[in-house]
Amino acid sequence: MELFSIAAQTSNPQEAERYSRMVSEANQDLHKKYKSLSISCTVHENVVLWGCREDDPRFFKGNHLQQVYETAARTVAKYILQDKEQRLVEKILEEEFDFPDPEEHEQILKQCRMILGQNQELNESWNRRSDMLVQGLQQCLTERPLLHVDGFLTFRSRAYANELKEIVEYAVDEFLMDRQYEEFVGMLKYFVYFQQPQVPLVHVIHKGGQELLLLDEDLNPLEYRADEGVVVERLDQQDLQMEDAVVTTLISVSPAKIVIHTREPHMAVIRTLTQIFEQRVEICRYCPDCHAYFRETGKL
């Protein structure tokens with residue numbers, strides 16, 4: 001009796017070889033458990049056909065058939081995640097969104113790859129998608145032992161397809177936010193470039209995270225200013241609230257020099273200020289002015 005016959009259309013000989021190796025490893029595991037199984041794997045014009053037969057009636061008395069189906073399903077799921085998933089994501093991006101610029105297209109795909117956690121089987125998202133596929137594949141094999149992988153992906157994997165679509169949508173949103181942020185920073189850089197300095201120096205104490213303290217040249221606190229002719233659009237109502245207030249104040253007082261005292265110069269808020277004010281910014285990791293503050297806060 002034929003237990004299953006699974007056909008997979010691969011895109012090139014290299015992919016066919018990778019999948020064949022996965023099938024070979026699965027076949028070895030199956031043979032160790034069930035010696036009487038007759039298993040085959042053939043490749044013709046990049047189509048990999050995996051078949052399995054069992055003619056011993058004793059095999060069907062236990063739960064052996066479902067265990068065989070689970071092994072086959074996990075092998076096919078791994079193949080889909082490693083070799084087909086990227087193309088599925090690209091197809092969603094091309095069909096659902098309009099990004100004709102190749103560079104923008106690649107930036108979004110790069111973000112997708114980071115979210116997908118390619119080849120990282122300890123990744124939570126990877127495991128969730130794998131479980132979706134294994135469950136669907138095993139159900140299909142139970143209903144009908146003839147399976148075409150592409151047909152399964154087209155008609156029987158809705159939950160998995162929705163997961164991929166959500167990932168692409170998230171990557172697109174992140175890209176658009178980043179682009180909006182870059183345009184916003186560029187506008188402010190242009191404004192600052194033509195702005196005449198009004199005060200000689202402002203100290204920025206980076207207290208950690210997004211929290212910043214502004215001091216004048218005599219180390220007295222500067223009052224945070226609201227919009228004074230400069231429209232500071234809020235890119236994120238929570239995460240960038242402090243950053244926006246600081247930018248607004250710095251643009252309003254227009255210092256000739258900004259000294260940023262920080263122990264975390266890699267933080268996004270520091271990079272933003274450096275991008276906007278460019279040559280006016282000096283990064284201080286240690287000086288007498290900030291030594292006492294960072295010693296008190298344990299950041300020394």
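Mentor: A residue counts as exposed when its relative accessible area is over 50%, and as buried when that area is under 20%; please keep in mind that this is a predicted model.

Trainee: Is Tyr 193 buried or exposed by that rule?

Mentor: Tyr 193 is exposed, because its relative accessible area is 63%. Tyr 193 has its place in helix α6, which covers residues 158-193, and together with Tyr 190 and Phe 194 it makes a nonpolar surface patch of about 440 Å².

Trainee: Turning to the interior, which residues touch the most other members of the largest nonpolar core?

Mentor: Within that core of 51 residues, Phe 4, Ile 6 and Trp 50 touch the most other members. The largest share of this core, 12 residues, comes from α2. If residues up to four places away in sequence are left out, the contacts of Phe 4 include Trp 50, Val 68, Tyr 69 and Leu 141. A second, separate core has 23 residues, among them Phe 184 and Leu 250.

Trainee: How should I read the salt bridges, and which parts of the chain does the pair of Arg 129 and Glu 85 tie together?

Mentor: Side chains of opposite charge can pair when their charged atoms come close. In this model the side chains of Arg 129 and Glu 85 meet in a salt bridge at 2.7 Å, N to O. Arg 129 lies in helix α4 and Glu 85 in helix α2, so the pair ties together parts that are 44 residues apart in sequence, and both residues are buried.

Trainee: What separates Arg 21 and Glu 17?

Mentor: Arg 21 and Glu 17, whose side chains meet in a salt bridge at 3.2 Å, N to O, are separated by about one helical turn, because they are four residues apart in helix α1.

Definitions and conventions. Residues are numbered from 1 along each chain as its sequence is written. This is a predicted model: local features need pLDDT of at least 70, side-chain atom pairs count only at pLDDT 80 or more; totals for chains, interfaces and linings use all residues. Side-chain values use heavy atoms; hydrogens and water are left out. Patches are made of residues with over 30% relative accessible area and no salt bridge: like charges are joined within 9 Å, nonpolar side chains (Val, Leu, Ile, Met, Phe, Trp, Tyr) within 5 Å. Accessible areas come from the Shrake-Rupley method with a 1.4 Å probe; for residues, only the protein chains shown count as cover. A salt bridge is a side-chain nitrogen of Lys or Arg within 4 Å of a carboxyl oxygen of Asp or Glu. Helices (H or I, at least four residues) and strands (E, at least two) are DSSP runs, numbered from the N terminus. Buried means under 20% relative accessible area, exposed over 50%, partly exposed in between (1.4 Å probe, protein chains only). A nonpolar core is a set of buried Ala, Val, Leu, Ile, Met, Phe, Trp, Tyr and Cys residues joined through side-chain atoms within 4.5 Å. Contact means heavy atoms within 4.5 Å.
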